[in-house]
Amino acid sequence: MLPHVVKITHIISENAYTKTFILDDAIPNAMPGQFIMLWLPGLDEKPFAIVARDPLTISVAAVGPFSRALHARAIGDLVGWRGAFGRGFDLRGDGEALLIGGGYGVAALYFAARELRNQNAPVTIAMGGRATQDLLFEDRFNALGANVLIATEDGSRGTRGFVTNALGAVRATRILACGPEAMLVAVMKLALAKNIPAQLSVERYMKCGFGICGQCTLSGKLVCQDGPVFTASELSKLPEFGRVHRDASGATHFFQGRGARRV
Amino acid sequence: MSEPDLSVELCGVRLRNPTVLASGILGLSEDLLMRVGDAGAGAVVTKSCGLKPRAGYPNPVIADWGAGVINAVGLSNPGVEATAQEIRVAKRALKSRNIAVIASIFAESVWDFGTVAEKISDAEPDLIEVNISCPNVEHEFGQFFCATPYVAAQVTRRVKQSTPIPIIVKLSPNEANIAEIAKAVVQAGADAISAINTLGPGMVLDIESRAPIISNRVGGISGAAIHPIAVRCVYDIARATPRVPLIGIGGNTTTRDAIEMIIAGAHAVGVGSAILSRGLAVFDEITRGIAEYMTRHNFARLADFRARVMDTAPVSGVR
């Protein structure tokens, strides 16, 4: 499949460094948690979680050369996409869903929240960031009728500290999470300890996106194809999760700090 | 009749079946090599490694245009030391399962080929594949190592002097006479040959933005589209160097493709791009398909139909 090259029809500034891009296309079969490879012709191509199917929508934080170049694009400019790739969230089942998002990971969860609300499932979203300006999509989750919990590391909004500190007594029967790997590790431990089924969306450096280059290996699982969404019990058996990631050469590195990846 | 024997010996290394994971596909980590082995491959080949880590080209590095696949990854690799460590772990896991681990190496000079071979030998891969044929990276004289029989032989000799492990030299379809190159590397000491690397370079353009799809603008072509060319190359090589083990690579997608490759002269068959359309089950499916074919034709061993292209009368003149 070659990239579909289409125009950007809308650009929305979400916070200090995140923009939402709406494309002149639809991706009707995409599931929440799946991703597209977004191509800036002549520059580079990176994976992004799908935020909405129709029109095809993604939200991108300007954290590296590619995402900054995308932020410099205007309405009417051409971008390419291919996908949907990977295994998304499994939204079958019932009971309250607890969605836990860190930083721009919150955007990927919004698609899942909308589907869950369409099924009339109760949804709580716990979103975290370093400061108020990192928070994302708060109004949109409120508009869905989701219960919104907020944590900031500097305490400027909501609970001071990491998002996992803001959860209180967890009544949910299922957990979905997307965010920095250190947050995902905390969520995995919580879910395993409380015996709540959890699905976590993992990031790795990607090249092909369709399972043949091997670049995104996570202890032999391909994040692009077997993931990016894995269950907590799957991740607990993958020794590289939370510890090791690979760069463009394939060389391994240990996670430092909070495990944020820069694209 | 008893079960057909699908095992094959390459330079003293016995493979349980003739399917080989082609270099550049999935062979990035020990876990992935083991996964492909578990999926049914008779041997697995690492991504090519060089002296130093290389990030390769920006994305897109690969695109599937429907009739085939174009790629220019730019030989990204974590360097020979990291790859050696990957091989050590993979070998420990795969040895008991009779799955061979082949190290693929490249370098930017004749001398460096020897240095990389020496370093990778420390991890004791079963075989070393010498990649002199990547169409996306030029060597020191602005020419490919496989472009002339002379330079191809120089590389082969240098690698051969640097390692006690049997070497496979991987040839390119992009040179005028692949049989001449095959003869030259065998005379220089190659223990086996693999062919073909990707065809090209080719180019795929996006018609909306008018940009080349892959970042390197041009790239090597693989997949079903190149299979007939691979079969012809294998046929030519098998006739030029009949006693040398040969891994036939290039667009092997179905059982039929693999059998065709063996009839043309291949001892083993490389599988790469087919994983894109058929998944890792392709190794097992091809192996079982070959077994059925052998049973149907009463072939006990692969040698019973290897290099057995029907001798048809040459056509003289055009009617």
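Which residues does A:Ile12 touch, not counting those up to four places away in sequence? Have a look at chain A while you think about that. The answer is A:Lys19 and A:Thr20. A:Ile12 itself sits in strand β1 of chain A, which covers residues 4-15. Is A:Ile12 buried or exposed? Exposed counts as 12 or fewer other C-beta atoms within 10 Å, and A:Ile12 has 11 such neighbours, so it lands in the exposed class. One more distance for this residue: its C-alpha atom is 8.9 Å from that of A:Ser59, and those two residues are 47 apart along the chain.

Okay, before going on, a word on what we're looking at. This is a predicted model. The predictor gives the complex an ipTM of 0.91 and a pTM of 0.93. For chain B, the pLDDT averages 93, and 96% of the residues score at least 70. And the usual caveat applies: where pLDDT is low, you shouldn't read the predicted coordinates in detail.

Let me stay with chain A for a bit. By count, we have five helices and 17 strands there. The radius of gyration comes out at 17 Å, close to the 18 Å from the globule rule for 263 residues, so chain A is as compact as a globular protein of that length. If you want a box, take the principal axes, and the C-alpha atoms of chain A fill roughly 50 × 40 × 35 Å. Of the 263 residues in chain A, 50% are buried. As for contacts in chain A with a separation of 6 or more, 61% of them come from residues 24 or more positions apart.

There's also a cis peptide bond in chain A, between A:Gly227 and A:Pro228, with omega about 10°. Where is A:Pro228? In the loop between β14, residues 221-222, and β15, residues 229-231, of chain A.

Now the interface. How many residues of each chain are in contact with the other? It's 27 residues of chain A against 32 residues of chain B. On the chain A side, β4 (44-49) and β6 (78-85) each supply at least two of the residues that touch chain B. The largest share comes from β4(A), with three residues. And by class, the side of chain A that touches chain B has 13 nonpolar, nine polar and five charged residues.

Over to chain B, and a sheet I'd like you to find. Four strands form an open sheet, in the order β5-β6-β12-β11, and the pairing is antiparallel. At the edges you have β5 (62-64) and β11 (199-202) of chain B, each of which pairs on one side only. On average, neighbouring strands in this sheet are turned by 30° against each other, if you ignore direction.

Zoom in on β11(B). Its antiparallel pairing with β12 of chain B, residues 219-222, runs over two bridges. B:Gly202 has B:Gly219 as its bridge partner in β12(B). There's a cis peptide bond here too: B:Gly200 to B:Pro201, omega about 5°, and B:Pro201 lies in strand β11 of chain B.

Then, in the loop between β11 and β12 of chain B, you meet B:Arg217. Its phi is near 75°, which is positive in a residue other than glycine. B:Arg217 has 15 C-beta neighbours inside 10 Å, so it counts as partly exposed.

There's another positive phi at B:Asn298, about 60°, and again this isn't a glycine. B:Asn298 lies in the segment after α9 (282-297) of chain B. Only 9 other C-beta atoms lie within 10 Å of B:Asn298, so this one is exposed.

Last stop, helix α5 of chain B, residues 178-187. Which of its residues are buried? They are B:Ile178, B:Ile181, B:Ala182, B:Ala184, B:Val185 and B:Val186. For the spacing, keep in mind that an α-helix has 3.6 residues a turn, so residues three or four places apart point the same way. What covers the buried residues of α5(B) includes α4 (149-162), β9 (167-171), β10 (192-195) and α6 (227-240) of chain B. And after α5(B) comes B:Gly189, with a positive phi near 120°.

That's my tour, so over to you.

Terms used. Residues are numbered from 1 along each chain as its sequence is written. Chains are lettered from A and ligands numbered from 1 in the order in which they are written. This is a predicted model: local features need pLDDT of at least 70, side-chain atom pairs count only at pLDDT 80 or more; totals for chains, interfaces and linings use all residues. Two strands pair if DSSP finds at least two bridges between them. Axes are lines fitted to C-alpha atoms, for helices over the stretch in contact, and angles run from 0 to 180 degrees between N-to-C directions. Two residues are in contact if their C-beta atoms, placed from the backbone, lie within 7 Å. Ala, Val, Leu, Ile, Met, Phe, Trp, Tyr, Cys and Pro count as nonpolar, Asp, Glu, Lys and Arg as charged, and the others, Gly among them, as polar. The radius of gyration is taken over C-alpha atoms; the globule rule is 2.2 Å times the number of residues to the power 0.38. A residue is buried if 20 or more other C-beta atoms lie within 10 Å of its own, exposed if 12 or fewer, and partly exposed in between; C-beta atoms are placed from the backbone. pLDDT is the predictor's confidence in each residue, from 0 to 100.
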